[in-house]
Amino acid sequence: MFEIVNVLLSAFCVGSGLLVVLLHHPARAAGALALCTLSTGALLVLHGFPSLGGSVAFVMVMSALFLLFVQLTLNVGETPDRRRLSFRGTLSAMSATFFGVALVGSWLPMLNLDFTTSSPEIHRQMPSMSWQKVLFAQFHIEVALLGAMALITVLVTFLLIRRRP
Amino acid sequence: MISTLIFPGLMLLLSGILGLLLRRSMISVLLSLNTAMLGAALLLVGSSAGGPQGQASAFVIACVTLLVSIAGGAMSVAVYRRKGSLNIDEQRELRG
């Protein structure tokens, strides 16, 4: 039963993720992303991470719905022009480099550098801690940065979408 | 059991990167970036064998994705009001 549900959820997750790329209208793509996020959350719940699955699904669905809201506000479709590659080439090269370095760094033990600031004592306790405790024990700098980024994002958003007279 | 998370994560990551390559609308690019980040979160949980570090990283990634979407969406609104288009190929003012 677990295997069947796992395969179905994985297929639905990958299929809706491909639909995000294949659908030309951004509003439909945002809907596909919301479905993909929900199925990913369900997949995580199925694998025994109920709180993480719920949190990730909630946060990412909020993200997809925000983009859907922006799309519905602007009401434009996919642009038909296919001439240039510079901007998206740069962006995709940056993304590929980032994810490639992350993957290689996590899979090769010799490159697995520890940039975290937690003490060895916390590292020893880590396998028995919940992910919420690890989040605040090891990733405290990231959590602080996230708070700062949230404040900056709210400020930038307010400045950007403020309607000028 | 956990390794079954790696395949959908990898597929989502690849499809997100494919969307970054193929799409031109700024909102579609943001949606593809969201897909790639979702795949990266799944990969982190899967490759850490369900350990708490991977789960915490996945949660951080989800939060960062939300913030990127908010900032990018606001930027899209501002660009559309100014240029009347969301085609990223037409945004060339910062090109050296």
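I take a residue as buried when its relative accessible area is under 20%, and with that cut-off 64% of the 96 residues of chain B count as buried. The model I am reading is a predicted one, and I keep that in mind through the entries below.

**Entry 1: the two chains**

I began with the secondary structure, and for chain A I found seven helices and zero strands, which read along the sequence as α-α-α-α-α-α-α. Chain B has three helices and, again, zero strands, so written from the N terminus by definition of the elements as α-α-α.

I then looked up burial and surface for chain A, where buried residues make up 36% of the 165 residues and the accessible surface comes to about 9,900 Å², with 74% of it belonging to carbon and sulfur atoms. For chain B I noted an exposed area of about 3,400 Å², of which carbon and sulfur atoms supply 69%.

For the contacts, I looked at pairs at least 6 apart in sequence: in chain A, 48% of these join residues at least 24 apart. In chain B, residues 24 or more positions apart account for 59% of the contacts with a separation of 6 or more.

**Entry 2: helix 1 of chain A and its neighbours**

How do helix 1 and helix 2 of chain A run relative to each other? I found that their axes come within 8 Å and cross at roughly 155 degrees; angles over 145 degrees count as roughly antiparallel, and the two helices are therefore roughly antiparallel to each other. I also recorded that helix 1 of chain A passes helix 2 of chain A in a left-handed crossing.

The residues that meet here include Phe2(A), Leu9(A), Phe12(A) and Val20(A) on the side of helix 1, and Ala29(A), Leu35(A), Cys36(A) and Leu46(A) on the side of helix 2.

I turned next to the pairing across the chains, where the axes of helix 1 of chain A and helix 1 of chain B come within 9 Å and cross at roughly 5 degrees. Angles under 35 degrees count as roughly parallel, and these two helices are therefore roughly parallel to each other. From helix 1 of chain A, Ser10(A), Cys13(A), Val14(A), Gly17(A), Leu18(A) and Val21(A) take part, and they meet Pro8(B), Met11(B), Leu12(B), Ser15(B), Leu18(B) and Gly19(B) in helix 1 of chain B. Ser10(A), Cys13(A) and Gly17(A) also appear among the residues that meet helix 2 of chain A.

Is Val7(A), which is found in helix 1 of chain A, buried or exposed? I found a relative accessible area of 53%, and Val7(A) is exposed. I also noted that the C-alpha atoms of Val7(A) and Leu43(A), 36 residues apart along the chain, are separated by 9.6 Å.

**Entry 3: the nonpolar cores**

I looked up the largest nonpolar core, which has 23 residues, and those with the most contacts inside it are Leu44(A), Leu52(A), Leu5(B) and Val45(B). At least two residues of this core come from each of helix 1 (2-22), helix 2 (26-46) and helix 3 (50-74) of chain A and from each of helix 2 (26-47) and helix 3 (52-83) of chain B. Which helix gives the most to this core? I found that helix 2 of chain B does, with six residues.

Apart from this core lies another, of 19 residues, and I noted Leu33(A), Leu20(B), Leu31(B) and Ile88(B) among them.

**Entry 4: three residues of chain B**

I followed Leu20(B) from that second list to helix 1 (residues 6-22) of chain B, where Leu20(B) is buried with a relative accessible area of 0%. Leu20(B) and Leu31(B) are eleven residues apart in sequence and 8.9 Å apart in space, C-alpha to C-alpha.

In helix 2 of chain B I picked Ala41(B), which is buried with a relative accessible area of 6%. The C-alpha atoms of Ala41(B) and Ala58(B), 17 residues apart along the chain, are separated by 4.4 Å. Leaving out residues up to four places away in sequence, Ala41(B) touches Ala58(B) and Ile61(B).

Last I looked at Thr65(B) in helix 3 of chain B, which counts as buried at 1% relative accessibility. With residues up to four places away in sequence not counted, Thr65(B) touches Met60(A) and Ser63(A) as well as Asn34(B) and Met37(B).

Conventions
Residues numbered from 1 in each chain as written. Chains lettered and ligands numbered in written order. Predicted model: local features only at pLDDT ≥ 70, side-chain atom pairs only at ≥ 80, totals over all residues. Heavy atoms only, no water. Core = buried A, V, L, I, M, F, W, Y, C linked by side-chain atoms within 4.5 Å. Buried < 20%, exposed > 50% of the residue type's maximum accessible area, 1.4 Å probe, protein only. Helix = DSSP H or I, 4+ residues; strand = E, 2+ residues; numbered from the N terminus. Contact = heavy atoms within 4.5 Å. Areas by Shrake-Rupley, 256 points an atom, 1.4 Å probe, with all protein chains shown as cover. Axes fitted to C-alpha atoms, helices over the stretch in contact; angles between N-to-C directions. Parallel < 35°, antiparallel > 145°, perpendicular 65-115°, else oblique. Left-handed = near helix turned anticlockwise from the far one by under 90°.
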